[in-house]
Amino acid sequence: MGISIHPSGRIALSLTEVFQQKYSSLHLWNLLNGRCALTIRTPQNAREVQWTHAGGSYAFASGSSVTIYNESGEEVGTINHGDKLVSMAVLEKFIVCGGEVGEASTWSTESLEEVSRFKMFTKSRVRSLARWRKDSVVGVSSSGEIKIIDVTGTELGTHNTGQRITALCVVPTDDEDEEDEVQNNPEHDSDNDNSNNDGEEGAADDQGEQEEVPATEEEVAEEEHHSNVVESGEGGGDDEEEAEVVDT
């Protein structure tokens, strides 16, 4: 794709093809104010750019190769898929490339070495690729096929839409976002556990305060006796008062 938004949601990269020129312009956008913060010329006519999932680096595809840059804009290295690149997906530790003849290859972003190579589609190009999970991607073909594969080429799912697909976008689920957050911040999970325990203890204390201990038979009898004594004492006082009034 010609645009990629940083995981923070604050900046974005876009590619602009310069008409009748053998290079593209790479733009860095500030999404907070909608302004272009930086424009650089790519050494080749790039067709796709993507941030890594963590946002620490980015890569753009041009011809049959993918060039990787760190967050400071310094070139980290280049990988060569072989035939003409049509699509790519940048994962945490891998880059999956899709070619013109339906072949895909997986590369390590650390060593820049090829990890695997496999035939993804037999009759058409790998039209688009997108991250699915940490080590898997979704790929579509121009003939309408959708496949989910891992970085080794193992097929996890497939479906034929019967339509000509031209683009692909994968939206992560809430469970995946929470899983990524826990992996990136292990203290988040322990904090949730502590808060849940505190909540349970607080609920137990509230419940204990609301529950009343039933009175025993002896306590009930003593309370009834006390009530009778109080009633009889109040009656006697009234009689004495009336007697004093008669005598006077």
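This tour proceeds through a predicted model, selection by selection, from a surface patch to the nonpolar cores, a buried serine and the salt bridges.

**Surface patch**

Begin by selecting Ile5, Trp29 and Leu31, which together make a nonpolar surface patch of about 270 Å². Within this group, Ile5 belongs to strand β1, residues 3-5. Its relative accessible area is 54%, so Ile5 is classed as exposed, the threshold being over 50%.

**Nonpolar cores**

Next, select Leu91, Met120, Leu129 and Val137. These are the residues with the most contacts inside the largest nonpolar core, which has 13 residues. Two elements give two or more residues to this core: β10, residues 94-99, and β13, residues 126-133.

Keep Met120 selected and display its surroundings. With neighbours within four places in sequence left aside, Met120 is in contact with Gly102, Glu103, Ala104, Val126, Leu129, Gly139, Lys147 and Ile149. Leu129 thus appears both among the contacts of Met120 and among the residues with the most contacts inside the core.

A second core, separate from the one above, has 11 residues. To locate this second core, select Ala59, Ile79, Leu85 and Trp107, which are among its members.

**Ser87 in strand β9**

Move now to Ser87, in strand β9, which covers residues 85-90. Is Ser87 buried or exposed? Its relative accessibility is 2%, and Ser87 therefore counts as buried.

Display the side chain of Ser87 together with the backbone of Val126: a polar atom of that side chain lies 3.0 Å from the backbone oxygen of Val126. Beyond neighbours within four places in sequence, the contacts of Ser87 are Glu48, Val96, Cys97, Gly98, Val126, Arg127, Ser128 and Leu129. Val126 and Leu129 are also in contact with Met120.

**Salt bridges**

The remaining selections concern charged side chains. The model has 5 salt bridges, and three of them are visited here, beginning with Glu92 and Arg131.

In this pair, the closest N and O atoms are 2.9 Å apart. Glu92 is in the loop between β9 and β10, whereas Arg131 is in strand β13, so the salt bridge ties together parts that are 39 residues apart in sequence. Glu92 counts as partly exposed at 26% relative accessibility, while Arg131, at 15%, counts as buried.

Select Glu100 and Arg125 next; their salt bridge has its closest N and O atoms 2.9 Å apart. Which parts does this pair tie together? Glu100 lies in the loop between β10 and β11 (103-108), and Arg125 in the loop between β12 (114-119) and β13, so the parts joined are 25 residues apart in sequence. Both ends count as partly exposed, with a relative accessibility of 30% for Glu100 and 33% for Arg125.

Finally, select Arg117 and Glu114, whose side chains meet in a salt bridge at 3.0 Å, N to O. Arg117 is partly exposed at 34% relative accessibility, and Glu114 is partly exposed at 38%. Add Glu103 to the selection: salt bridges that share partners join Glu103, Glu114 and Arg117 into one network. Glu103 also links back to an earlier stop, as one of the residues in contact with Met120.

How values were computed. Residues numbered from 1 in each chain as written. Predicted model: local features only at pLDDT ≥ 70, side-chain atom pairs only at ≥ 80, totals over all residues. Heavy atoms only, no water. Patch = residues over 30% accessible without salt bridge, like charges linked within 9 Å, V, L, I, M, F, W, Y side chains within 5 Å. Areas by Shrake-Rupley, 256 points an atom, 1.4 Å probe, with all protein chains shown as cover. Salt bridge = Lys/Arg side-chain N within 4 Å of Asp/Glu carboxyl O. Helix = DSSP H or I, 4+ residues; strand = E, 2+ residues; numbered from the N terminus. Buried < 20%, exposed > 50% of the residue type's maximum accessible area, 1.4 Å probe, protein only. Core = buried A, V, L, I, M, F, W, Y, C linked by side-chain atoms within 4.5 Å. Contact = heavy atoms within 4.5 Å. Polar contact = N/O pair within 3.5 Å; in protein donor to acceptor, adjacent residues only side chain to side chain.
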